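Work through the exercises below with the sequence and the model open. Try each task before reading its solution.

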Amino acid sequence: MKKEYKIAVIGQGYVGLPLALAFSKHYPVVGFDINAKRIASLRNAQDDTKEADEEQLKVSLIAYQTSGGIKGYLPSCEIKDLAEANVYIITVPTPINQFNAPDLSPLKSASRLVGEVLKPNDIVIYESTVYPGCTEEECIPVLEATAKLVFNRDFYVGYSPERINPGDKINTLETIVKVTSGSTPEVAEEINQLYQQIIYAGTHKATSIKVAEAAKVIENAQRDVNISFVNELALIFDRIGIDTQEVLEAAGTKFNFLKFKPGLVGGHCISVDPYYLAHKAIQLGYYPDVILSGRRVNDEIPVFIASKVVKLMVQKNINVSQAKVLLLGFAFKENCPDTRNTKVANIYDELVSYGMDVAVYDPWVAPQEVKEEYNIEVLSSQDILTQQYDAVVLTTAHREFDKFNVRELVHNNGVVFDTKSVLAQDIVDSRL
């Protein structure tokens with residue numbers, strides 16, 4: 001096993017930054033990102049994702065400077081800073097396009113970037129979520145072509161899927177078992193031992209790269225299908241006229257009932273990864289009915305919420321076309337600034353289509369980013385708390401909203417809808 005590792009982590013977002021900082025306690029680590037603004041913030045020990053401990057970030061930055069690059073963390077957007085690394089870990093996003101097909105362009109770009117500096121005996125490890133076979137079929141050929149090196153002779157590859165849960169300060173990188181794999185038995189063991197140095201919970205060495213890829217993609221597909229089931233129940237029980245949460249509480253008294261809750265399924269994992277597995281299945285001639293039907297149900301929920309709010313307003317004789325509505329929350333999950341693929345945007349668009357004046361408040365997100373990405377204004381607390389609305393929809397259960405008296409935000413006959421089932425039932429008109 002090599003002792004003198006020099007590690008480069010490509011992508012410094014929710015996955016790459018915590019990984020780079022964990023390794024920087026043992027080795028010199030370059031954290032590379034094409035976003036120069038992001039790198040400038042990191043150099044000032046500021047993390048906009050709020051995933052990293054900023055004190056640890058500061059310590060790791062100083063350690064690199066004072067040790068002469070023997071260990072510590074160097075954020076960079078300069079390719080020259082990657083040249084001395086011998087382990088490259090790729091943690092870039094793997095999104096979907098407008099047709100719900102895998103968009104591998106960030107992954108291929110990162111592979112080309114690494115290929116430009118790849119040397120004999122180097123190791124490239126992919127952490128980005130992909131379909132089984134993607135690393136070997138799509139990424140390795142790019143590395144070979146760019147580096148002019150031969151796979152498994154001149155360089156080696158591993159796959160160790162990320163398991164970061166944005167906003168979760170209990171289940172962190174170090175406390176979640178890490179699946180590892182490598183392109184040869186020897187490299188698989190080397191990669192496994194490398195991760196064992198930072199993962200307190202231990203590692204699981206998969207038998208192949210494809211197995212590791214499959215393990216990751218089914219984690220999120222399974223969760224998506226389970227949530228889609230309770231979301232479908234919510235659609236059914238709404239028609240029956242009974243409260244979904246009351247039904248789930250009753251059913252949950254049985255020892256083997258799985259306690260999933262209905263809700264918006266956004267973000268960069270659960271609402272995206274199933275399409276990667278479905279893509280591969282269809283490529284092989286199998287149509288994955290369960291996976292894709294789950295996706296369809298979950299994608300219907302924002303429209304259902306908006307139409308339900310409109311129905312409740314009509315029942316209270318509120319003029320929908322002149323109504324003012326407040327959405328509390330824009331991030332895709334609570335206590336986290338991540339707005340990637342947030343389904344709150346879909347609720348917003350649907351309500352606006354009825355002619356409503358829709359306001360959004362979220363103390364966690366960056367208003368400028370939301371404006372650039374979604375063309376939606378996020379108001380300040382002073383702007384929203386001094387007004388009353390015809391309807392308030394709790395869309396993200398940030399802890400800050402625990403202090404709100406939501407009923408005071410609406411007119412006497414206003415509507416309160418709770419998509420997270422966290423508000424007292426006696427103050428809401430309906431909930432998901």
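## Exercise 1: Salt bridges

The structure, a predicted model, holds 23 salt bridges.

**Task.** Place the partners of the salt bridge between Lys58 and Glu55, and state how exposed Lys58 is.

**Solution.**
- Step 1. Check the contact. The closest N and O atoms of Lys58 and Glu55 are 3.6 Å apart. The cut-off for a salt bridge is 4 Å, so the pair counts.
- Step 2. Place the partners. Both Lys58 and Glu55 sit in helix α3, residues 54-66. They are three residues apart, about one turn of the helix.
- Step 3. Look at the cover. Lys58 has 40% relative accessibility and counts as partly exposed.

**Task.** Which parts does the salt bridge between Glu138 and Lys108 tie together?

**Solution.**
- Step 1. Take the distance. The side chains of Glu138 and Lys108 meet at 3.1 Å, N to O.
- Step 2. Place both ends. Glu138 belongs to helix α5 (residues 134-147) and Lys108 to helix α4 (residues 105-117), so the bridge ties together parts 30 residues apart in sequence.
- Step 3. Check exposure. Glu138 is partly exposed at 24% relative accessible area. Lys108 is partly exposed too, at 28%.

**Task.** Do the same for Asp429 and Lys316: give the distance and place both residues.

**Solution.**
- Step 1. Asp429 and Lys316 form a salt bridge through their side chains, at 2.7 Å from N to O.
- Step 2. Asp429 lies in the loop between β13 (410-418) and β14 (430-431). Lys316 lies in the loop between α10 (289-315) and β9 (324-328). The pair therefore ties together parts that are 113 residues apart in sequence.
- Step 3. Asp429 is partly exposed, with 28% relative accessibility. Lys316 is partly exposed, with a relative accessible area of 25%.
- Step 4. Now look for shared partners. Asp224, Arg295, Asp299 and Lys343 are joined into one network by salt bridges that share partners.

## Exercise 2: Cysteines

**Task.** How many disulfides does a search of the whole structure find? Explain the result for Cys139.

**Solution.**
- Step 1. The search of the whole structure gives zero disulfides.
- Step 2. Find the closest cysteine sulfur to that of Cys139. It belongs to Cys134, at 4.6 Å.
- Step 3. Apply the cut-off. A disulfide needs two cysteine sulfur atoms within 2.5 Å. The sulfur of Cys134 is therefore too far from that of Cys139 for a bond.
- Step 4. Add the surroundings. Cys139 is buried, with a relative accessible area of 2%. Cys77 is partly exposed, with 30%.

## Exercise 3: Surface patches

**Task.** Which helix gives the largest share of the negative surface patch?

**Solution.**
- Step 1. List the members. Asp48, Asp53, Glu54, Glu369, Glu372 and Glu373 gather in this patch of negative charge.
- Step 2. Find the main contributor. Helix α12 (residues 367-374) supplies three residues, the largest share.
- Step 3. Take one member. Glu369 is in helix α12. Glu369 is partly exposed, at 44% relative accessible area.

**Task.** Which residues make the nonpolar surface patch of about 270 Å²?

**Solution.**
- Step 1. The patch is made by Ile236, Ile240 and Ile242.
- Step 2. Place one of them. Ile236 is in helix α7, residues 209-240.
- Step 3. Check its cover. Ile236 counts as partly exposed, with 41% relative accessibility.

## Exercise 4: Backbone and contacts

**Task.** Where do Lys50 and Lys148 lie, given the positive phi of each?

**Solution.**
- Step 1. Read the angles. Phi of Lys50 is near 60°, positive in a residue other than glycine. Lys148 is not a glycine either, and its phi is about 60°.
- Step 2. Place them. Lys50 is in the loop between α2 and α3. Lys148 is in the loop between α5 and β6 (156-159).
- Step 3. Classify exposure. Lys50 is partly exposed at 41% relative accessible area. The cut-off for exposed is over 50%, so a residue above it is classed as exposed. Lys148 is exposed, at 68%.

**Task.** How far apart are Ala40 and Pro75 in sequence and in space?

**Solution.**
- Step 1. In sequence, Ala40 and Pro75 are 35 residues apart.
- Step 2. In space, their C-alpha atoms are 8.2 Å apart.
- Step 3. Ala40 sits in helix α2, residues 36-43. Ala40 counts as partly exposed, at 40% relative accessibility.

Terms used. Residues are numbered from 1 along each chain as its sequence is written. This is a predicted model: local features need pLDDT of at least 70, side-chain atom pairs count only at pLDDT 80 or more; totals for chains, interfaces and linings use all residues. Side-chain values use heavy atoms; hydrogens and water are left out. Patches are made of residues with over 30% relative accessible area and no salt bridge: like charges are joined within 9 Å, nonpolar side chains (Val, Leu, Ile, Met, Phe, Trp, Tyr) within 5 Å. Accessible areas come from the Shrake-Rupley method with a 1.4 Å probe; for residues, only the protein chains shown count as cover. Lys and Arg count as positive and Asp and Glu as negative; His and the chain ends are not counted. The place of a charge is taken as NZ of Lys, CZ of Arg, CG of Asp or CD of Glu. Helices (H or I, at least four residues) and strands (E, at least two) are DSSP runs, numbered from the N terminus. Buried means under 20% relative accessible area, exposed over 50%, partly exposed in between (1.4 Å probe, protein chains only).
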